[in-house]
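Here's a quick briefing on the model shown below. Have a look at the strands and the loops, then come back for the details.

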Amino acid sequence: HNNRLWGTNPNGEYIYASKQGNCFNFNTFQGLANDSFYAEIGTAGGFVGIVSFRDNLVAFKRDYIHHIYGDKPSNFTIPKQLSDCGCIDIRSAAQVGSTLYFLGYNGFYAYVGGQPQLISQKLNKKYKKAVAMTDGQKYIVSCGDELLVLDTRYGLWHRERGIGATGSFRWHDKLYIASDNAVYEYSADLPHNDFAWACESDIIHDDTFDNKGMTELWIRARIDEGAEITVSTSEDGGEFLERTVLKPQGLKVYRIPIRFINGEFYQYKLDGKG
């Protein structure tokens, strides 16, 4: 970072920086801007890792975050973030735009310099390890047999095909994901559009505890040739019942009649092809 090699001792008691321009020299202290640097850290436990973030550095322990500010020994400062929140797998740390994302004990967090924000509540699952990457807009993490993707533009999580990534690299405008025995191009242009997708709505209850009747569902969609959407509904947490299949008619509003059902809350599900 800024032409210095940064590191720590195993027990996490100190952070070190090499002399600027000489990654082998950690013992030059002449009062100059390119001197080596070290600082004592007053938090428990060893460091998980250190990453560059914007113009500074972030050093993670499992329960602490240390943000390292400055550009020379005379103005380096390392305040500690006492948030009971740290990183449990440094491979999960990735910067997307101006935000640093990482995996902590309670899930995935977004960090912009203050208190980290938990962003993975809707995944309804906790993870112990993750390998992160980005295509510039999405935070992409491989968690065993799952590939989780956070679209940072909309704050939406998606589960995609599991790859078991061990690392990644960017080449021009493409992201490539490495697994144990293959390399994949992310968001590749495939020769066909024959893939399946599905989504479920949030629970719809109109903010009342009373039973309500559902008679029709309106959906605005653009369905291209060769594609279709199967619409299903559920009331009060019951199984989803298929209502209709929407066929290609360009962009329009589809009206789906549903026989009168009495329930306190509802959901709809879309299963698409193409």
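## Strand E14 and its sheet

Let's start mid-sheet: Val-141 sits opposite Leu-148 in E14. Everything here comes from a predicted model, where local features need pLDDT of at least 70, side-chain atom pairs count only at pLDDT 80 or more, and totals for chains, interfaces and linings use all residues. Residues are numbered from 1 along each chain as its sequence is written, and side-chain values use heavy atoms, with hydrogens and water left out.

**Overall build**

- The protein has 24 strands and 0 helices; both are DSSP runs numbered from the N terminus, with at least two residues for a strand (E) and at least four for a helix (H or I).
- Its radius of gyration is 25 Å, whereas a compact globule of 274 residues would come out near 19 Å. That radius is taken over C-alpha atoms, and the globule rule is 2.2 Å times the number of residues to the power 0.38.
- Along the principal axes, the C-alpha atoms fill a box of roughly 80 × 50 × 30 Å.
- Of the 274 residues, 40% are buried (buried is under 20% relative accessible area, exposed is over 50%, partly exposed is in between, with a 1.4 Å probe and protein chains only).

**The four-stranded sheet**

- An open sheet of 4 strands runs in the order E12-E13-E14-E15, with antiparallel pairing (two strands pair if DSSP finds at least two bridges between them).
- Strand E12 (131-134) and strand E15 (156-160) are at the edges with a single partner strand each, so one side of each has no neighbour in the sheet.
- On average, neighbouring strands of this sheet are turned by 20° against each other, direction ignored; the axes are lines fitted to C-alpha atoms, for helices over the stretch in contact, and angles run from 0 to 180 degrees between N-to-C directions.
- Strand E13 (residues 138-143) pairs with strand E14 (residues 146-151) in the antiparallel sense over 6 bridges, and Ser-142 stands opposite Leu-147 in E14.
- E13 and E14 make a hairpin with 2 residues between them, and Gly-144 in that turn has a positive phi of about 65°.
- On the other side of the pairing list, E14 and E15 run antiparallel and are joined by 5 bridges, with Asp-151 partnered by Leu-156 in E15.
- E14 and E15 also form a hairpin, this one with 4 residues between them; Gly-155 in the turn has a positive phi of about 70°.
- How many residues of E14 are buried? The count is 6 of its 6 residues.
- Both faces of E14 are covered, with Glu-146, Leu-148 and Leu-150 buried on one side and Leu-147, Val-149 and Asp-151 buried on the other.

**The three-stranded sheet**

- Another open sheet has 3 strands in the order E16-E17-E18, again paired antiparallel.
- Strand E16 (167-171) and strand E18 (183-185) are its edge strands, each with a single partner strand, so one side of each is left without a neighbour in the sheet.
- From one strand to the next, the twist averages 25°.
- Strand E17 (residues 174-178) pairs with E18 in the antiparallel sense over 3 bridges, and Ile-177 stands opposite Tyr-184 in E18.

**Cavities**

- There are 2 cavities of 30 Å³ or more. A cavity is a set of points, on a 1 Å grid over the protein atoms alone, where a 1.4 Å probe fits but cannot get out; lining residues have an atom within 4 Å of a point.
- The largest cavity holds about 70 Å³ of space; grid points are joined across faces, edges and corners, and the volume is the space filled by probe spheres set on the points.
- Residues lining the largest cavity include His-1, Arg-4, Trp-6, Asp-55 and Phe-76.
- That lining divides into 4 nonpolar, 5 polar and 3 charged residues (Ala, Val, Leu, Ile, Met, Phe, Trp, Tyr, Cys and Pro count as nonpolar, Asp, Glu, Lys and Arg as charged, and the others, Gly among them, as polar).
- The second largest cavity has a volume of about 30 Å³, and its lining includes Arg-62, Asp-84, Cys-85 and Tyr-105.

**Positive phi outside glycine**

- Asp-206 has a positive phi of about 60° although it is not a glycine. Asp-206 lies in the loop between strand E19 (196-200) and strand E20 (212-223), and at 55% relative accessibility Asp-206 counts as exposed.
- Asp-236 has a positive phi near 55°. Asp-236 is in the loop between strand E21 (228-235) and strand E22 (241-246), and is partly exposed at 39% relative accessible area.

Note on methods. On a 1 Å grid over the protein atoms alone, a cavity is a set of points where a 1.4 Å probe fits but cannot get out, and a pocket is an open set with protein on both sides within 12 Å along at least five of seven lines; lining residues have an atom within 4 Å of a point.
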